[in-house]
Amino acid sequence: MAEKFAKALNEQIGHEFAAHQQYVAIAVHYDAETLPQLAHFFYRQALEERGHAMMMVQYLLDVGEEVHLPDIKSQATSYSAGVTPVEKALAQEKRVGEEIFALFELAREVKDYRAEQFMQWFVKEQVEEVALMGDLLNVVERSKENLLLAEDYIARENPGEGGGDPTAPPAAGMGG
Ligand SMILES: [Fe+2]
Ligand SMILES: [Fe+2]
């Protein structure tokens, strides 16, 4: 029962680290293009993805299941158009949303109530991340000819700069 969920959660840890890798790649791209606000946005999102992976690691430690860290594919660090990385990012957040729903469903199916409770936070988190990336895509699409407009928007609005979420599950290595 719990093992079946643990196996699926280990796979999700891989997806979260892959998302981290992809966001670092996007941040590097914008950094190289001297778009520091977009770069900062994606460096921070990358850390959030790492955080998600480490919350899942902590959960597996807490319930006494094994942790497997998978290989992560390399990612492109240059893109032909300024909007492409954000399109990719939004697609990724939507995909992760589906993965989270599937994990939630699996937890219910195997009657793993700890797992179901654990996954609840991620359901909420994905709603926020899809919305955040959708907003950024709107702005970047409107600023295609001049991404400095998107830079201004990020500097002014600080999208995604929510600060700590006290309801977030504990992450491995963060103490507490
Ligand atoms: Fe994530
Ligand atoms: Fe995400």
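This is a guided tour of a predicted model, with a suggestion at each stop of what to select next.

Before starting, note that residues are numbered from 1 along each chain as its sequence is written, while chains are lettered from A and ligands numbered from 1 in the order in which they are written. Because the model is predicted, local features need pLDDT of at least 70 and side-chain atom pairs count only at pLDDT 80 or more, whereas totals for chains, interfaces and linings use all residues; side-chain values use heavy atoms, with hydrogens and water left out.

**Stop 1: the iron ions**

Select the iron ion (ligand 1), and then Glu 16 (OE), Glu 49 (OE) and His 52 (ND1), which are its protein donors and lie 2.1 Å from it. Donors here are N, O and S atoms within 2.8 Å of the metal (3.2 Å for Na, K and Ca), and as water is not among the atoms, sites may look incomplete. Along the sequence, the donor residues of this ion (ligand 1) follow the spacing E-x32-E-x2-H. Now add the iron ion (ligand 2), which is 3.5 Å from the iron ion (ligand 1), and notice that Glu 49 coordinates both.

Glu 49 and His 52 are separated by about one helical turn, because they are three residues apart in helix α2 (residues 36-62). Helices in this tour are DSSP runs (H or I, at least four residues), and strands would be runs of E of at least two, numbered from the N terminus. Both Glu 49 and His 52 are buried, a word that stands for under 20% relative accessible area, with exposed meaning over 50% and partly exposed in between (1.4 Å probe, protein chains only).

**Stop 2: the partners of α2**

Keep α2 selected and add α4 (113-142); the axes of α2 and α4 come within 12 Å and cross at roughly 170°. Axes are lines fitted to C-alpha atoms, for helices over the stretch in contact, and angles run from 0 to 180 degrees between N-to-C directions. The two helices α2 and α4 are therefore roughly antiparallel to each other, since angles under 35 degrees count as roughly parallel, over 145 as roughly antiparallel, 65 to 115 as roughly perpendicular and the rest as oblique. Residues making this contact (heavy atoms within 4.5 Å) include Glu 49 and His 52 of α2 and Trp 121 and Glu 125 of α4.

Next select helix α5 (residues 148-157), which packs against α2 at an angle of about 55°, with axes 8 Å apart, so that α2 and α5 are oblique to each other. Here Pro 36, Gln 37, Leu 38 and Phe 41 in α2 meet Glu 151, Ile 154 and Ala 155 in α5.

**Stop 3: Asp 112**

Move to Asp 112, in the loop between α3 (84-109) and α4. Is Asp 112 buried or exposed? With a relative accessible area of 7%, Asp 112 is buried. Not counting residues up to four places away in sequence, Asp 112 touches Ala 2, Phe 5, Tyr 59 and Ala 107.

**Stop 4: Gln 58 and Lys 73**

Return to helix α2 and select Gln 58, which is buried, with a relative accessible area of 18%. Leaving aside residues up to four places away in sequence, Gln 58 touches Pro 170, Ala 171, Ala 172 and Gly 173. Finish at Lys 73, in the loop between α2 and α3, which counts as exposed at 63% relative accessibility. The C-alpha atoms of Lys 73 and Ala 46 are separated by 15 Å, and these residues are 27 residues apart along the chain.
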